[in-house]
Amino acid sequence: MNSEQSAKIETVLQEERVFEPSESVLNRYSIKGFEKYKQMFDFAKSDPDKFWGEAALRELHWFKPFHSVLDWSDPPFAKWFDGGKTNVSYNCLDRHVKEGRGSKIAIIWEGEPGEIRRISYEELFVEVCRTANALKKLGISKGDLVALYMPMVPEAAIAMLACARIGAPHSVVFGGFSSEALRDRLNDGQAKAVITADGGFRKDKIIALKEAVDRALANESCPSVKSVLVVRRTNQNISFYPDRDIWWHELIPSQSANCPPEEMESEDRLFVLYTSGSTGKPKGVVHTTAGYNLWAHLTFKWIFDVGEEEIYWCTADVGWITGHSYIVYGPLSNGVTTVMYEGVPRPSNPGAFWDLIQRHKINIFYTAPTAIRAFMKAGRSIPDMYDLSSLRLLGTVGEPINPEAWIWYKEVIGHDNCPIVDTWWQTETGGIMISPLPGATPTKPGSATLPLPGIEADVINSDGQSVEANQGGYLVIKRPWPGMMRTVHGNPQRFRENYWEYLSPIKGEHVYFAGDGARRDNDGYFWIMGRVDDVINVSGHRLGTMEIESALVSHKAVAEAAVVGRPDEIKGESIVAFVSLDSDKEASKGLLEELKAHVSNEIGSIARPQEIRFTNALPKTRSGKIMRRLLRSLAAGEEVKGDTSTLEDKNVLDQLRT
């Protein structure tokens, strides 16, 4: 744990404000009072098989019951609910329709130009069945991977559920990624089909999604892809290849509205979602059917506790795990009305979020600290223009939230009437792991508080020993849980070594290492310190430094590059690149902008460096390893501290300071 991270957490740990659930909050929520949380937590710890088994039978529909709750005979490869058969699409749709709730609104969708669609559970069921049959017509069968590269439109959720219905795992690629990044993910997953759109609207611009797909598939570079299903969204002119491309609006409506759900084994793949890693190559995180469904369902139910007539909105994109678990699968499995919004706040409409809350009378709002800090910077005059009285619960996701932003969120958006759930989790965990339960947990601004029932979290040192209160260490999970990732696609050894054996000093022991540092205070509350590896968290999006460095070095003028994160009050972290040019190239403002654009083209605009510094050399150890710790200090404008004895050439630091 480096000194920079320790210093970062000291300020947070001085936070002494505690907010107890009010009497009205205690009466509102199903899990009432801290004692109830403790009972659930203790039950899950003392008899986990009974706890999880009863929850699975109570919360999910099963075509065939499971014969065991957890098989941990070959750690870290878990089997949950072995022998059982279920279907996530059935749990999200059929059972609600059969219970007489088909007319209830499942999705309220609003496009960036302002269109609104309200889709009932019955209507969603029909569209999912038709889309599932269309996929079958395209030759997709159980086990075939289908990639989605979509805007935030209902068809994205429909396609995910249709894949789940026929047992075809999906891989959603965020629409902000470049064609090169898309190509890498298509090839790694051996996708058989791509579902996309002619384009999407974002910040008053059209994102050319189909054009990016065409570039990714050019010159037979993704031979596994046989068909491309295209949603008409922006009505722009696009290239169309009749032997490969099919319009959604021409294929789907003609399909039968009857598609029996595939009876899936509990451990059958549900989806593969790629997340950045410190080694540069994105990891295909594999989640399976029953365990993921249960964990997304339970965590949503425990934390958000949405009433029958209430409206819930998570502002994420379905291209990220937050959109999977808390826009689509968690809410719909619970029979909730979930909001999908194509747009984001932008100069032409800075009050977009508050306007949506006011018009749709949204009750639960779940967003990122990055967005909250941006709202703070713009001032409270904008949200004060809107009626936000419908809100009764606020949530944060994606990164730690600083206490100032937490208090602003509570006072300005929640008008001191809304509990705040600050949630910690990851793509790999499938669902929320550490979070307050709003009717049970006293909250502290900046702390994710306590692990959920069934989650045995700890903070340990490099020897695997639990650290004392207020000591920094590695955040780990000591027992398996249903929503855990099952493997890295195509690389089980990477899964074993990177996640479960990295901090297991005793042979045969396995603890899940989250990649984050944390501290626990005297009350046992967790304070997340951020990444301990070379992954940068920009606006809640994890980007591997190696990916960005590789993109920079692929430019003909660049000899070497090192990328670090710098604290940013809005984004959480911004990207700073240190670049050495080839000897015959000269630094210039034009080249600087060219390199930024090059990274955007190679990876996506979210990876565009905020700053590029040209340098003749990079600080390296004698073994040739770049000392990014020093670069992080330089990027942040801080004094370089700590041991520099292994630095090969100390003159490099002097050059970088000037």
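**Close-up views of a predicted model**

**View 1. An open sheet of 7 strands in the predicted model**. The strands run in the order 5-4-17-16-18-19-20, and their pairing is mixed. Strand 5 (116-120) and strand 20 (420-422) form the edges, each pairing on one side only. From one strand to the next, the twist averages 20 degrees.

**View 2. Helix 6 on the sheet**. Helix 6 (residues 121-137) packs on the sheet, where it touches strand 4 (105-110) and strand 5. The direction of helix 6 makes about 90 degrees with that of strand 5.

**View 3. The pairing of strand 16 with strand 18**. Strand 16 covers residues 311-314 and strand 18 covers residues 364-367. The two pair in the parallel sense, over 3 bridges. Tyr-312 stands opposite Ile-364, which lies in strand 18.

**View 4. The span of helix 3**. Helix 3 consists of 13 residues (residues 34-46). At 1.5 Å a residue, helix 3 should span 18 Å; the C-alpha atoms at its ends are 18 Å apart, so the two values agree.

**View 5. Buried and exposed residues of helix 3**. Tyr-37, Met-40, Phe-41 and Ala-44 are the buried residues of this helix. They lie on the same side of helix 3 because they cover an arc of only 95 degrees around the axis. Glu-35 and Ser-46, on the other side of helix 3, are exposed.

**View 6. Packing partners of helix 3**. The buried residues of helix 3 pack against two helices: helix 4 (48-59) and helix 11 (289-304).

Terms used: Residues numbered from 1 in each chain as written. Predicted model: local features only at pLDDT ≥ 70, side-chain atom pairs only at ≥ 80, totals over all residues. Heavy atoms only, no water. Helix = DSSP H or I, 4+ residues; strand = E, 2+ residues; numbered from the N terminus. Expected span 1.5 Å × (residues − 1). Buried < 20%, exposed > 50% of the residue type's maximum accessible area, 1.4 Å probe, protein only. Arc of directions from axis to C-beta. Contact = heavy atoms within 4.5 Å. Pairing = 2+ DSSP bridges. Axes fitted to C-alpha atoms, helices over the stretch in contact; angles between N-to-C directions.
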